[in-house]
Structure formats: C-alpha cells, structure tokens
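Colleague: Please take one part of this structure and examine it closely, in terms that a first-year student can follow. From there, please set out what surrounds it and then what else deserves attention in the chain.

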Amino acid sequence: MLEQVTQAIVLDKEFTTDAHVRVHLFTKDSGKILAKAVSARKITSKLGAHLEPLSMSTVRFVQKNHLPMLIDALRFDKLPLTSLINARIVRELAPEWEPDEDLWALLSQKVPPAPQALLAVLGYDPTFAACEWCGGNPDYFSFRTQLFLCNNCVLAHAAVADCVRL
C-alpha cells in the first residue's frame with residue numbers, strides 16, 4: 001500500500017452508506033482524486049469536520065485497490081463560499097491524478113478567481129470562443145456538453161443548471 005500526505009481542497013462529498021463518504025479532492029501533489037472516507041459520518045469520527053466542501057486540509061491517504069482510502073485529515077483553512085462554483089468547475093473538468101501547479105495556485109487563493117481564469121487553465125479559454133450554435137459572444141459554458149453558449153442558445157439547447165456564467 002502506498003501512503004501519501006499532501007495538502008488538499010475538498011471539492012465535494014457524496015454520502016455512500018450510513019457511515020461512509022466519497023470525497024472529491026484537489027491535492028497539491030496528485031491533482032484531482034476521489035477518495036473513500038470510512039466511517040466519516042459517525043458522530044465519533046475524527047474525519048467528518050475536516051472534509052467539508054471548500055475546506056483546505058492536510059490529508060493522508062493510502063492507495064488500496066482502486067479507490068484511495070482517507071486515513072487522516074486536518075483542516076487548516078476554509079475557502080469563501082463564493083469559491084463553490086470554482087470547486088464545481090474543477091470537479092467536472094480537471095483530469096484525475098494529474099497535478100497542476102497553476103490550478104492549485106488559483107484555487108488556494110483567498111479571493112476566488114473568476115471562472116474564466118479556471119477555464120483557461122483547464123484548456124477551455126473563453127477569450128477567443130464563440131457560441132457553438134449561433135456564433136455570437138459566449139455567456140455560458142456547459143459542463144455536460146463542454147460547449148460555449150450565448151444567452152439565447154443556452155435556454156434552447158442546454159440546462160442552465162449544467163452551465164457556468166462567464
């Protein structure tokens with residue numbers, strides 16, 4: 001088993017069973033990973049409070065089978081609530097197990113960057129983009145289709161819940 005200790009930003013968490021949680025992390029050394037936190041929902045768990053979304057934590061996990069297992073976590077900071085859209089962008093678009101120093105630097109800032117900056121680092125630079133359907137100036141980026149859309153086309157061709165406003 002390979003053990004690793006690194007800094008991480010908690011992007012999201014999913015409840016799997018009564019006690020277990022799957023946690024989406026963006027780590028400084030390994031990039032985006034999905035890890036399992038055993039018994040993190042129990043009232044006596046030492047992990048639960050340190051794995052809330054937007055927490056910056058030092059985590060220790062071991063690679064066991066196909067899903068890493070979180071052994072320990074200690075929150076040292078919390079990102080502002082306005083970073084929630086940035087966490088979703090990284091969760092949806094960043095490749096797993098590929099560290100990215102530029103992306104880490106943007107995410108760990110106290111003042112959250114604009115979504116355009118994150119999209120640019122992830123390879124979806126909206127600077128020279130156009131609406132996929134009509135060719136106009138893009139106002140939205142769709143996570144599901146990975147297309148840029150304008151105000152008129154987003155209502156006709158995509159669910160607004162799957163889009164981020166530029």
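**Pro 68 and its surroundings**

Modeller: Leaving aside residues up to four places away in sequence, Pro 68 touches Leu 34, Ala 35, Lys 36, Phe 61, Val 62, Gln 63 and Trp 97. Please keep in mind that the model is a predicted one. Pro 68 belongs to the loop between β4 and β5 (69-78). Its relative accessible area is 1%, and since buried means under 20%, Pro 68 counts as buried. One of its contacts shows how the chain brings remote positions together: Pro 68 and Ala 35 are 33 residues apart along the chain, yet their C-alpha atoms are separated by 4.8 Å.

The strand β3 spans residues 31-37, and five of its seven residues are buried, so β3 is largely enclosed by the rest of the structure. Strand β2, residues 21-27, runs antiparallel to β3, and seven bridges join the two. Within this pairing, Leu 25 has Ile 33 in β3 as its bridge partner. The connection from β2 to β3 is a hairpin, made through three residues.

Strand β4 covers residues 55-63, and Ser 55 is found in it. Ser 55 has a relative accessible area of 0% and is therefore buried. With residues up to four places away in sequence not counted, Ser 55 touches Ala 8, Ile 9, Val 10, His 50, Arg 75, Asp 77 and Lys 78.

Ile 9 also leads to an empty space inside the model. Rolling a probe the size of a water molecule over the atoms shows where such space is left. A search of the whole structure finds one cavity of 30 Å³ or more, and the volume of the largest cavity is about 30 Å³. The residues lining the largest cavity are Ile 9, Leu 11, Leu 54, Leu 79, Ser 83, Asn 86, Ala 87 and Leu 107. Two elements, β1 (2-15) and α1 (84-93), give two or more residues to that lining. Sorted by class, the lining of the largest cavity has six nonpolar residues, two polar residues and no charged ones.

Another part of the chain holds a sheet and a group of aromatic rings. The sheet is open and consists of three strands in the order β7-β6-β8, with antiparallel pairing. Its edge strands, β7 (148-149) and β8 (163-165), each pair on one side only. Strand β6, residues 140-142, is joined to β8 by three bridges, and the two strands run antiparallel. Ser 142 has Cys 163 in β8 as its bridge partner.

As for the rings, the count comes to four aromatic pairs. In one of them, the ring centres of Tyr 124 and Phe 141 lie 5.1 Å apart and the planes are at 55°, so the pair is tilted. This pair links distant parts of the chain: Tyr 124 is in the loop between α3 (115-121) and β6, whereas Phe 141 is in strand β6, 17 residues apart. Phe 141 is buried, because its relative accessible area is 0%. Together with Phe 148, the residues Tyr 124 and Phe 141 form one aromatic cluster.

To return to the starting point, Pro 68 is a buried residue whose contacts include Ala 35 and Trp 97.

Definitions and conventions:
Residues numbered from 1 in each chain as written. Predicted model: local features only at pLDDT ≥ 70, side-chain atom pairs only at ≥ 80, totals over all residues. Heavy atoms only, no water. 1 Å grid on protein atoms, 1.4 Å probe; cavity = no way out; pocket = protein on both sides within 12 Å on 5 of 7 lines; lining within 4 Å. Points joined across faces, edges and corners; volume = space filled by probe spheres on them. Helix = DSSP H or I, 4+ residues; strand = E, 2+ residues; numbered from the N terminus. Nonpolar A, V, L, I, M, F, W, Y, C, P; charged D, E, K, R; others polar. Pairing = 2+ DSSP bridges. Phe/Tyr/Trp six-rings, centres within 6.5 Å; stacked < 30°, edge-to-face > 60°. Buried < 20%, exposed > 50% of the residue type's maximum accessible area, 1.4 Å probe, protein only. Contact = heavy atoms within 4.5 Å.
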